[in-house]
Each structure stands twice: as structure tokens, then as C-alpha cells.
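Biologist: Could you take me through this chain? I should like to discuss confidence, strand pairing and pockets.

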Amino acid sequence: MLSMSNLSSSGTPMAASPLTRAVLEIDEYASGLGWDRPARLFALVDTAKLRRQEPRLAGQLGLDQDDAGNAQLTPIEQDELPAGTPLDKFLGTVAWPDAVVGCALTVERLMLPPSAEAAVPSGLNDKQLAKWVAGHPERQEVRLTVAVLRDGSRESAVRLRDKDSASEVLTGAGLVPGLADALAATFS
């Protein structure tokens, strides 16, 4: 179990929502680990509630101080995802206890610009499509960090590998809708 509450989020706008701050904190943590990493799943818990109900755990996570980063949501990394299991199948097995108010996932993918989507050959299966995208000259390696809350709130961060800087991270609630839907389904 890993909390990232002690990581700096100085680049996060003060007006950002707690969910946006949590997504940027997770993105910063993943960035510190480098590229070519497996997907990582995080539980999001209410920091104040965690301090009250689980003071020892909060202490282990560095959240025992009143000002512990002023984080309203604490991301807690879960066990490593099983190797070889497709992400959609794995997420279909996830269920969260009531104490978890949200979850987040960070994953690396290849993306094409919208202009290249029209050139995708028809009739490709998933494996063929992945190979075609991997060989496309306009492909971009990206790290996606997507989070959802039980109440339906969503946030995403997208970091391009060739612009790997905290100031170049794009955020928005609707950037990765399919992955957000899959994460939201873990609360059903």
C-alpha cells in the first residue's frame, strides 16, 4: 500500500477540485517511476475520515498531521494488476468497500491524432489494430490517469512521453470516457 500524499503538487492550481488534485498527484507519482510501467490501480479515500477512523494507518501513510498536504482525497496504490489479464476483464472483477470514495488508474497507451483515424484500415481485429497503430509515424505514447468518484465525478490527466513535463499535462473530465466508464462500473 502506498500513499502519495507526501508528494509535491505545487503545480496544481489552488482552485482545482479535490479529484483534479488527486489525479495530478497520481500522475506526478507515476511520472517519478518512469515510462514503460504496468497499469496501476488506486483507491481514493477521504483523508479526514481516514485520519479519524484509522489513525494508525493514517500515520503509516504520513497523514497523521493536520496539514498533511491539505489533501481531501488520499490515493492508495493497490496490489499490482495480474500480468497477462486484459484490463477490461480485470476491472470487471474489482469491487470496493464502502470506505473507498473513488478509484483511479494510470496506464500507458499509444494514441493517434484525430487526423490519422480516417486512415485506419477496416476489418482489423484488436491485435492487428494495435500493430498498425504501433507502426504509424504519427503515434504518440501517452500516460493516462483517470479517476472517478462514487458520485459520478470524473477527471483525467494525459501526459505525452515526448512532452514529459508537469506543465504539459492535459486535464479534463471527458478526455478518456471509455476508461472512466469502466472505472465507474467497479462501484456498481
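Modeller: The answers below concern a predicted model.

Biologist: What is the mean pLDDT of the chain?

Modeller: The mean pLDDT is 86, and 88% of the residues reach 70 or more. Over residues 1-10, however, the pLDDT is below 50. That stretch has 25 contacts in the model beyond near neighbours in sequence.

Biologist: Turning to the strands, how many bridges pair β2 with β4?

Modeller: Six bridges pair β2, residues 40-46, with β4, residues 100-111, in the antiparallel sense. Within this pairing, Val 45 stands opposite Val 100 of β4.

Biologist: And β4 with β5, parallel or antiparallel?

Modeller: Those two strands run antiparallel, and 10 bridges join β4 to β5, which covers residues 140-149.

Biologist: Which residue of β5 is the bridge partner of Val 107?

Modeller: The partner of Val 107 is Leu 144.

Biologist: Now the pockets. How much space lies in the largest pocket?

Modeller: The largest pocket holds about 420 Å³ of space. The elements that give two or more residues to its lining are β4 and α6, the latter spanning 126-135.

Biologist: Which element gives the largest share of that lining?

Modeller: Helix α6 does, with four residues. The lining of the largest pocket includes Arg 109, Leu 110 and Met 111, together with Asp 126, Leu 129, Ala 130 and Val 133. Leu 112, Glu 117 and Val 120 also line this pocket.

Biologist: How do the lining residues divide into nonpolar, polar and charged?

Modeller: Seven residues of the lining are nonpolar and three are charged, with no polar residue.

Methods
Residues numbered from 1 in each chain as written. Predicted model: local features only at pLDDT ≥ 70, side-chain atom pairs only at ≥ 80, totals over all residues. Heavy atoms only, no water. Pairing = 2+ DSSP bridges. pLDDT = per-residue confidence, 0-100. Contact = heavy atoms within 4.5 Å. 1 Å grid on protein atoms, 1.4 Å probe; cavity = no way out; pocket = protein on both sides within 12 Å on 5 of 7 lines; lining within 4 Å. Points joined across faces, edges and corners; volume = space filled by probe spheres on them. Nonpolar A, V, L, I, M, F, W, Y, C, P; charged D, E, K, R; others polar.
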